[in-house]
Amino acid sequence: MAERFAQVLRRHDRFPLKARSLETLQVNLGKLCNQRCHHCHVEAGPERSGPEDNMDRETAELVVATLRGHGFGTLDLTGGAPELNPNFRYLVREARALGCRVIDRCNLSVLFVRGQEDLAGFLDSHAVEIIASLPYYTRGRTDAQRGKGVFDQSIRGLQKLNELGYGQQIPGRERVINLAYNPAGAYLPGDQKELEADFKRRLFDDYGIRFDSLFVITNQPIKRFLEFLEATGTTDAYWNKLEAAFNPLAADAVMCRDQISVGPDGRLYDCDFNQMQGIGLSGAKRHLRDLDASLAHRAIATARHCFTCTAAAGSS
Amino acid sequence: MSDYYKKEDLGRFGDVAKGAPELYAKFRAWYDDAVSASGALSKREKALIGLAVANALQCPYCIDAFTTKSLETGADLDQMTEAIHVAAALRSGSCLVHGVQMLGHHDTVSM
């Protein structure tokens with residue numbers, strides 16, 4: 001299957017897929033999460049609290065040293081729920097002190113976990129940019145994917161962030177909150193602009209909520225989502241959809257071309273999906289301590305799941 | 001009846017071009033613009049209309065395709081079910097309104 005994606009790239013004169021910059025350092029802080037979503041490619045959950053699954057202080061300090069030494073413009077923090085890692089706030093403070101843009105991939109319900117009562121205020125005080133997952137603007141579809149009660153907590157979370165200024169586009173005090181939509185089933189996302197307009201209208205009309213942009217994410221047929229596909233007998237149909245929707249322009253704009261992904265143990269990957277599939281970088285530089293400028297133009301390790309990010313208009 | 005319809009046949013729709021390729025090409029160009037492109041109607045509105053019509057026509061291929069299309073364009077189960085009710089109501093209404101013709105003929109031939 002890896003050969004097949006590579007063959008498609010060759011057919012479109014885009015092989016090998018190569019990185020073009022090291023703008024973003026995407027750091028996966030671990031598999032600990034207060035949710036256990038049905039589509040999660042990380043297989044995260046509350047039980048994933050062990051040291052083997054989560055980043056330690058030594059590795060977090062190496063992340064900061066890397067930011068300092070290599071001029072990354074953006075630190076993108078993901079997980080699990082990255083905020084639950086004890087090193088999350090340290091990374092945010094240090095990265096912001098270096099002038100890095102910091103993105104927090106937030107599930108919103110984490111704002112209400114015991115011990116995180118001041119998290120929203122912390123994010124605001126460091127002007128962290130938030131990308132919050134919300135598969136739909138109604139309870140049924142959101143909870144079906146992310147767990148009972150998540151929709152209501154998500155709405156409360158968004159309202160709380162709005163009160164702090166997020167999504168309000170206040171001149172001189174920008175607090176950015178983008179939403180990430182992913183389909184709650186075995187189908188591809190629709191038009192991003194139309195979905196964004198719909199989300200903006202319904203969230204404002206129903207809950208008074210504002211946000212900046214909606215990103216659409218195509219579900220990766222790996223891990224838990226693959227289990228769902230297999231349980232519903234839709235695996236082949238879904239793969240066929242992804243492969244038929246290959247868009248060479250989306251391949252030009254895939255995230256891995258401008259970022260490098262770091263695992264909880266400091267190992268390097270081209271993206272979070274490769275990380276979860278255990279596919280390391282192509283060359284010899286496999287750990288954060290080996291990172292150097294040459295990785296900005298590395299050949300990216302591809303596999304069949306790369307059809308997901310290159311389908312239709314692409315995946316954010 | 002299930003032997004007559006196979007899910008995988010929808011993927012072979014293009015094979016119908018074999019007997020009349022130019023006519024199929026014309027159909028395809030018109031179909032794609034009419035059904036899929038945003039215009040005065042959004043993609044979701046078109047998908048829901050397509051779903052309603054598919055149910056009225058009882059075409060299993062179209063029902064599957066437009067269920068997926070409706071989901072992809074952000075429609076939810078409530079909206080999709082209402083759309084089917086619109087189609088169902090119109091089909092029954094069009095049946096019932098012909099009762100007026102019945103009444104007319106009844107009155108003509110009855111003492």
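Domain bounds here come from an automatic or database domain assignment. Keep that in mind for the first exercise, and remember throughout that you are looking at a predicted model.

**Exercise 1. Find the domains of chain B and state how far apart their C-alpha centres lie.**

Solution. Start with the bounds: the assignment gives chain B a domain 1 at 12-40 and a domain 2 at 42-111. Next, take the C-alpha centre of each of these two domains; the centres are 23 Å apart.

**Exercise 2. Work out the strand order of the open sheet in chain A, and name its edge strands.**

Solution. Step one is the order: the eight strands of this open sheet line up as β6-β5-β4-β3-β2-β1-β7-β8 in chain A, with mixed pairing. Step two is to look at the edges, where β6 (214-216) and β8 (268-269) of chain A each pair on one side only. Step three takes us to the β8(A) edge: β7 (residues 259-262) of chain A pairs with β8(A) in the antiparallel sense, over two bridges. Within this pair, A:S261 has A:Y269 of β8(A) as its bridge partner.

**Exercise 3. Describe the surroundings of strand β5 of chain A, and say which of its side chains are buried.**

Solution. Begin with the neighbours. On one side, β4 (residues 129-133) of chain A runs parallel to β5(A) and is joined to β5(A) by four bridges; here A:A132 sits opposite A:L179. β5(A) also runs parallel to β6(A), with three bridges between them, and A:Y181 has A:V216 of β6(A) as its bridge partner.

Now follow the side chains along β5 (residues 177-181) of chain A. A:I177, A:L179 and A:Y181 point to one face and are buried, whereas A:N178 and A:A180 point to the other face and are not buried. The cut-off for "buried" is 20 or more other C-beta atoms within 10 Å of the residue's own.

Finally, trace the connection: β5(A), helix α7 (residues 192-207) of chain A and β6(A) form a right-handed β-α-β unit.

**Exercise 4. Locate helix α3 of chain A relative to the strands it lies across.**

Solution. Find α3 at residues 88-97 of chain A, then the two strands beneath your cursor: α3(A) lies across β2 (74-78) and β3 (101-106) of chain A. For direction, compare α3(A) with β2(A): the angle is about 170°.

**Exercise 5. Characterise the side of chain B that touches chain A.**

Solution. First, count: nine residues of chain B are in contact with 13 residues of chain A. Second, assign them to helices: α2 (43-57) and α3 (60-72) of chain B each supply at least two residues of this side, and α3(B) gives the most, with three. Third, sort by class: one residue is nonpolar, four are polar and four are charged.

Definitions and conventions: Residues are numbered from 1 along each chain as its sequence is written. Chains are lettered from A and ligands numbered from 1 in the order in which they are written. This is a predicted model: local features need pLDDT of at least 70, side-chain atom pairs count only at pLDDT 80 or more; totals for chains, interfaces and linings use all residues. Two strands pair if DSSP finds at least two bridges between them. Two residues are in contact if their C-beta atoms, placed from the backbone, lie within 7 Å. Axes are lines fitted to C-alpha atoms, for helices over the stretch in contact, and angles run from 0 to 180 degrees between N-to-C directions. Ala, Val, Leu, Ile, Met, Phe, Trp, Tyr, Cys and Pro count as nonpolar, Asp, Glu, Lys and Arg as charged, and the others, Gly among them, as polar. A residue is buried if 20 or more other C-beta atoms lie within 10 Å of its own, exposed if 12 or fewer, and partly exposed in between; C-beta atoms are placed from the backbone. A crossover is right-handed if, with the strands pointing away from the viewer, the path from the first strand over the helix to the second runs clockwise.
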